[in-house]
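This report covers the packing of two helices from different chains, followed by the make-up of one of those chains. The sequence and structure come first.

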Amino acid sequence: MKRLLAIILLGSLVSGCGIFSDGQKSVLQGGTSITASVENPVTPAILYRLEQVAITATSGLLVYRQQCEAGRIDKSCFDAIASIQRYTRQLKPVFVDLRRYVRANDQINAISLFNKARDIVSQLSAEVAIAPTVK
Amino acid sequence: MMEIAAILALVMKGISIIEGLSQAGQPIASAINAIKNLNKPASGITQADLDQAEQVLDALMDQFNLPLVRPEGA
C-alpha cells in the first residue's frame, strides 16, 4: 500500500514535471513553457495540458486525503492537507478565469493568470514535499 | 507454523491493498486518463476535450477542497 501511494503521489509530481509528447517541458518543470509570454502564448492546447497535469496532481492529493482520513497516515496529515488547501483553493478561481481569457484569446490576462497558476503550484509543491507519508 | 503466519501476513497485506485501491479507485482512474491525455497531439484537442477536462478538474478540486473533518486529537 505504501508503495502504491508513493507511486500515485510521485506520479502526480512526475506528470506535473514531465515532458509533453511534442518535446515541450511542462509548466511545472522549468522548460521552455514555464513562463507564458507573448512569444509563448497560452493556447487552448497548452491550457488542456495544464489541466491534465492539474487533474493528475489533484487525484494524487485526493488519494492522500482519503488515506489520511482512513487513519493510514500520521495524524499530522490533517495539518498538511489544510496547508495544501490554502493553495488549491486559490487555484480554482484562477482556472475559471484562465479558461475565460483563453477562450477570448485575451493573451495579456491569460499569460498573467497562467504564470500565477505556476507560482501557486510551485508553493503547493513545497507543502506536498513536507507532508507526512503513509505509515 | 512460521510459514502459515507468513502466508497469513501476506494475505492481510493483500486485503489492505485491495481496500485501499477500491477506496482510491476514482481518483486513480482520473489520473491514469489524464496521463494518457498528455500525449494527445495539439491538433487533436477538441472543444469537447476542453469541456471534459474542465468538468473533471473542477469536480476533483471541489472534492479535495471540502472542509476537513478532523478526528479527535488531530
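## Helix packing between chains A and B

In this predicted model, helix α2 of chain A (residues 44–69) packs with helix α3 of chain B (residues 47–65) at an angle of about 30°, and the two axes lie 9 Å apart. Angles under 35 degrees count as roughly parallel, so α2(A) and α3(B) are roughly parallel to each other. The crossing in which α2(A) passes α3(B) is left-handed.

## Residues in the contact

From α2(A), the contact draws on A:P44, A:Y48, A:E51, A:Q52, A:A54, A:I55, A:T58, A:S59, A:L61, A:L62 and A:R65. From α3(B), the contributing residues are B:D49, B:L50, B:A53, B:E54, B:V56, B:L57, B:L60, B:M61, B:Q63, B:F64 and B:N65.

Sorted by class, the contact of α2(A) with α3(B) holds 13 nonpolar, five polar and four charged residues.

## Chain A as a whole

Which secondary structure elements does chain A have? Chain A has four helices and zero strands, and from the N terminus on its elements run α-α-α-α.

Chain A has 135 residues, of which 53% count as buried. The area exposed by chain A is about 6100 Å², with 58% of that area supplied by carbon and sulfur atoms. Among contacts in chain A with a separation of 6 or more, 65% are accounted for by residues 24 or more positions apart.

Conventions. Residues numbered from 1 in each chain as written. Chains lettered and ligands numbered in written order. Predicted model: local features only at pLDDT ≥ 70, side-chain atom pairs only at ≥ 80, totals over all residues. Heavy atoms only, no water. Helix = DSSP H or I, 4+ residues; strand = E, 2+ residues; numbered from the N terminus. Buried < 20%, exposed > 50% of the residue type's maximum accessible area, 1.4 Å probe, protein only. Contact = heavy atoms within 4.5 Å. Areas by Shrake-Rupley, 256 points an atom, 1.4 Å probe, with all protein chains shown as cover. Axes fitted to C-alpha atoms, helices over the stretch in contact; angles between N-to-C directions. Parallel < 35°, antiparallel > 145°, perpendicular 65-115°, else oblique. Left-handed = near helix turned anticlockwise from the far one by under 90°. Nonpolar A, V, L, I, M, F, W, Y, C, P; charged D, E, K, R; others polar.
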